[in-house]
Amino acid sequence: MSFPLDSTDLAAIRLTLELATLTTLLLLLLGTPVAWWLARTRSRLKGPVAAVVALPLVLPPTVIGFYLLVSMGPHGVIGQFTQSLGLGTLPFTFAGLVVGSVIYSMPFVVQPLQNAFSAIGNRPLEVAATLRAGPWDTFFSVVLPLAWPGFVTASILGFAHTVGEFGVVLMIGGNIPEKTRVVSVQIFDHVEAMEYAQAHWLAGGMLLFSFLILLALNTSRRLKPGWT
């Protein structure tokens, strides 16, 4: 019996995992300060900023993909900026996929982190201040351990949501083998070509992956700081 997945399927899987991993790392790096600010601020800008972060939850992926495609194109604001830096344009490149994935998966990382930060309350921070702990020391010694389950949840959701993207990655990246063709697009190609056996293998793998992600998410929600 021959191996059910060919080289293009394996390339799509590899590219998807690379995209999801890099996107999750960037989201944790960028989303943590945003979530901390949203959890702690009393600014009037909190509502508008939170709404902007949550937009991908309600907007169709094709709408986000369309405006990203226009803005990152040769005549868009982002496209003109990247061209001025000698980087060319981002659409139909892996870098463009990363940018689109970061924006589209942002609420799935920021909101769990914001909830985790809000749940900490003021008391631990006040105690750290009385011990003359600096902001960075307080964050890494107090906030991070207490909010760790939130980071686990945010990482799982960010990674899983990026793996399952279709509309945004198709609009921005197109369908270039080994460069922008991810698993969801590969499944679509197999279905269009009536290659249902290959589509079943990839779709079944995505189904199993989604189940394991939800299982891990439910397990992480039962974790408490200090458990071993």
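## A tour that starts at Phe92

Select Phe92: you'll find this residue in the loop between helix H4 (77-84) and helix H5 (94-120). Helices here are DSSP runs of H or I with at least four residues, strands are runs of E with at least two, and both are numbered from the N terminus.

Before you click on, a quick word about what's on your screen. This is a predicted model, in which local features need pLDDT of at least 70, side-chain atom pairs count only at pLDDT 80 or more, and totals for chains, interfaces and linings use all residues. Residues are numbered from 1 along each chain as its sequence is written, and side-chain values use heavy atoms, with hydrogens and water left out.

**Stop 1: the loop between H4 and H5**

Back to Phe92. What is unusual about the phi of Phe92? Phi is positive, about 65°, even though Phe92 is not a glycine. Most residues other than glycine have a negative phi. Phe92 is partly exposed, because its relative accessibility is 43%. (Buried means under 20% relative accessible area, exposed means over 50%, and partly exposed is in between, using a 1.4 Å probe and protein chains only.)

Now pick Pro91, in that loop between H4 and H5. Pro91 is buried, with a relative accessible area of 10%. Leaving out residues up to four places away in sequence, Pro91 touches Leu69, Met72, Gly73 and Ile172; a contact means heavy atoms within 4.5 Å. Try a distance label too: Pro91 and Ser71 are 20 residues apart in sequence and 9.6 Å apart in space, C-alpha to C-alpha.

**Stop 2: zoom out**

Show the whole chain as a cartoon. You'll see eleven helices and zero strands. Along its principal axes, the C-alpha trace spans about 65 × 50 × 30 Å. Of the 228 residues, 40% are buried.

Colour residues 13-219 next. An unreviewed UniProt entry annotates this span as "domain: ABC transmembrane type-1". UniProt positions are given in the numbering used here, feature names are shortened, and such annotations may be inferred rather than shown by experiment. The span is 80% helix and 0% strand, and its end C-alpha atoms lie 26 Å apart.

**Stop 3: the largest core**

Which residues have the most contacts inside the largest nonpolar core? Select Leu113, Phe117, Phe151 and Val182: those are the ones, in a core of 27 residues. A nonpolar core is a set of buried Ala, Val, Leu, Ile, Met, Phe, Trp, Tyr and Cys residues joined through side-chain atoms within 4.5 Å. Helix H1 (7-40), H5, helix H7 (135-146) and helix H8 (148-163) each supply at least two residues of this core. H5 gives the largest share, ten residues.

Centre on Phe151 and show its neighbours. Not counting residues up to four places away in sequence, Phe151 touches Leu28, Thr32, Leu113, Phe117, Phe139 and Leu144. Apart from the largest core lies another one, of nine residues, among them Leu5, Ala12, Phe159 and Leu202.

**Stop 4: two salt bridges**

The structure holds two salt bridges, each a side-chain nitrogen of Lys or Arg within 4 Å of a carboxyl oxygen of Asp or Glu. Show Glu18 and Arg14 as sticks: their side chains meet at 3.2 Å, N to O. Glu18 and Arg14 are separated by about one helical turn, because they are four residues apart in helix H1. An α-helix has 3.6 residues a turn, so residues three or four places apart point the same way.

For the other bridge, pick Asp189 and Arg181, whose closest N and O atoms are 3.4 Å apart. Buried or exposed? Asp189 counts as buried at 18% relative accessibility, and Arg181 is buried too, at 15%.

**Stop 5: helix H10 and its surroundings**

Select H10 (183-192). Seven of its ten residues are buried, so H10 is largely enclosed by the rest of the structure. The buried ones are Val183, Ser184, Val185, Gln186, Ile187, Asp189 and His190. Just after H10, Met194 takes a positive phi of about 60°.

Now go to Glu178, in the loop between helix H9 (167-173) and H10. Glu178 has a positive phi near 65°, and it is exposed, with a relative accessible area of 55%.

**Last stop: out on the surface**

Finish with Val52, in helix H2 (residues 46-58). Val52 is exposed, at 55% relative accessibility.
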